[in-house]
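Work through the exercises below with the sequence and the 3D view side by side. Try each task before reading its solution.

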Amino acid sequence: MAEKILIASGKGGVGKSTITSFLGKTIADSGKKVLLIDSDTGLGALDIMLSVADKKMNTWTDVSDGNCNMENAIIQISENLYLLPSPSNYPASIDEDVFVKITKECENDFDMILIDASAGIDENLKRAAKSCDRAIFIATADEISVKCAAAAAAEAEKFGIDRADMRLVINRFVKKAAMKAKLLNVDGVIDKSGVRLLGIIPEDKKIPYSSVTSVLPAKKSSFCKAIKRITDRIDGKNIPLSLKELK
Ligand SMILES: Nc1ncnc2c1ncn2[C@@H]1O[C@H](COP(=O)(O)OP(=O)(O)O)[C@@H](O)[C@H]1O
Ligand SMILES: [Mg+2]
C-alpha cells in the first residue's frame with residue numbers, strides 16, 4: 001500500500017514543487033512506483049516541471065466530478081513516475097475529502113504518493129493533509145519561511161498528521177551566508193520550526209532553468225546528492241547529516 005507524504009511549507013516559492021518533482025524522479029529511479037499529485041489549484045507547476053504541460057490533461061477535479069476515471073487522468077511521466085495534474089482554474093467548490101478518496105483509490109497501485117501542497121494555511125492544506133500519513137515541510141533558512149513552516153506544521157497536526165511523522169527540509173541553503181549570520185543557521189531553523197530535520201538542499205543556480213527546460217542537474221551535483229540522501233532517509237536508511245557535503 002502506498003505511503004502518502006505531504007510536501008508543504010505555508011510560504012510560497014520555497015521549493016515545494018521543485019523538491020516534489022526531484023524526490024519523485026529519484027524514488028522512481030530506485031524502482032518504486034510513485035504518483036505525484038499536484039494539489040495547487042490554479043497555480044500548479046508539476047506539469048511544466050515534468051515537461052507534460054503541452055498535453056491535454058484531465059485533472060483530479062475531473063475525477064472528483066465524475067468527468068473521467070482515474071486511468072484517464074493520471075499521466076505516465078517515465079517508467080515508474082506518474083502525475084495527477086491540478087485544475088488550471090480555481091473550482092467554486094471542492095470536496096473536502098477529494099484527496100482522501102483519490103489516494104484510497106490509488107493506494108494499491110503505487111508504492112508512494114507525494115502531494116505537492118499549495119502555499120497558504122487554508123482549505124487547500126487541510127484537504128491535502130487529511131489524506132497523508134507523513135509530511136515534509138520545506139523552508140529556506142530565514143525567519144519568515146521558518147515561521148510559515150512551523151505554522152503549516154501546526155495546522156497539519158490539527159488535520160491528522162502526527163508530529164512524529166513530520167520532517168523538515170531546509171532548501172536553497174548557502175553555507176557561507178548562514179555562517180556570516182545573514183540567515184539562520186541550521187540549529188536555528190530546527191529550533192524555530194519545531195520539526196525534526198530530514199535534510200538540507202543547497203542553492204543550485206541551475207535549478208530555476210532545469211525546472212522549465214528538461215535539462216536536469218548532474219547526478220553528482222550537490223543538489224542531486226542532497227535529494228538522494230533525503231530519499232534514502234525517507235526509505236528508513238540511516239544517513240548522517242553533514243554540512244561538509246554542502247558547498
Ligand atoms: N535548491 C534550489 N536552488 C536554486 N533554486 C531553487 C532551489 N529550489 C527551488 N528553486 C527555485 O525556486 C523557485 C520556487 O520554487 P518552487 O518549487 O516553484 O516553489 P513552491 O512550489 O514552494 O512555490 C523556482 O524558480 C525554483 O527553480
Ligand atoms: Mg509549487
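The exercises that follow concern a ligand site, pockets and a cavity in a predicted model.

**Exercise 1.** Find the residues that surround ligand 1 and sort them by class.

Solution. Step one is to collect the shell: 18 residues surround ligand 1, and the closest are G13, K16, S17, T18 and D204. Step two is to sort the shell, which gives seven nonpolar, seven polar and four charged residues. Step three is to place the shell on the fold. At least two of its residues come from each of α1 (16–29), β7 (166–173), β8 (196–202) and α9 (207–212).

**Exercise 2.** List polar atoms of T18, R172 and D204 that pair with atoms of ligand 1.

Solution. Start with the side chains. T18 has a polar side-chain atom 2.5 Å from an oxygen atom of ligand 1. For R172, a polar side-chain atom lies 3.0 Å from an oxygen atom of the ligand. Then turn to the backbone: a polar backbone atom of D204 is 2.9 Å from a nitrogen atom of ligand 1. As a last step, look at the cover. Taken on its own, ligand 1 has 570 Å² of accessible area, and the protein covers 83% of this.

**Exercise 3.** Which pocket holds ligand 1, and what lines that pocket?

Solution. Ligand 1 sits in the second largest pocket. The volume of this pocket is about 380 Å³. Its lining has 24 residues, of which G13, V14, G15, T18 and M49 are the closest to its centre. Two or more lining residues come from each of α1, β7 and α9, and α1 gives the most, with four. Divided by class, the lining has 10 nonpolar, nine polar and five charged residues.

**Exercise 4.** Describe the largest pocket in the same way.

Solution. Begin with the space, which is about 450 Å³ for the largest pocket. Next come the 22 lining residues; K25, T26, D29, L216 and K219 are the closest to the pocket centre. The elements that give two or more residues are α1, β3 (75–78) and α10 (222–234). The largest share is that of α1, with five residues. By class, the count is 10 nonpolar, seven polar and five charged.

**Exercise 5.** How many cavities of 30 Å³ or more are there, and which residues line the second largest?

Solution. The whole structure has two such cavities. The second largest holds about 40 Å³ of space. I5, R134, A135, I136, D165, R167, L198 and I234 form its lining. Strand β6 (residues 134–140) gives the most, with three residues. Sorting this lining gives five nonpolar, no polar and three charged residues.

Key
Residues are numbered from 1 along each chain as its sequence is written. Chains are lettered from A and ligands numbered from 1 in the order in which they are written. This is a predicted model: local features need pLDDT of at least 70, side-chain atom pairs count only at pLDDT 80 or more; totals for chains, interfaces and linings use all residues. Side-chain values use heavy atoms; hydrogens and water are left out. A residue is near a molecule or strand if one of its heavy atoms lies within 4 Å of it. A polar contact is a pair of N or O atoms within 3.5 Å; within protein, one must be able to donate a hydrogen and the other to accept it, and residues adjacent in sequence count only if both atoms are side-chain atoms. Accessible areas come from the Shrake-Rupley method with a 1.4 Å probe; for residues, only the protein chains shown count as cover. On a 1 Å grid over the protein atoms alone, a cavity is a set of points where a 1.4 Å probe fits but cannot get out, and a pocket is an open set with protein on both sides within 12 Å along at least five of seven lines; lining residues have an atom within 4 Å of a point. A molecule sits in a cavity or pocket if more than half of its atoms lie within 2 Å of its grid points. Ala, Val, Leu, Ile, Met, Phe, Trp, Tyr, Cys and Pro count as nonpolar, Asp, Glu, Lys and Arg as charged, and the others, Gly among them, as polar. Grid points are joined across faces, edges and corners, and a volume is the space filled by probe spheres set on the points.
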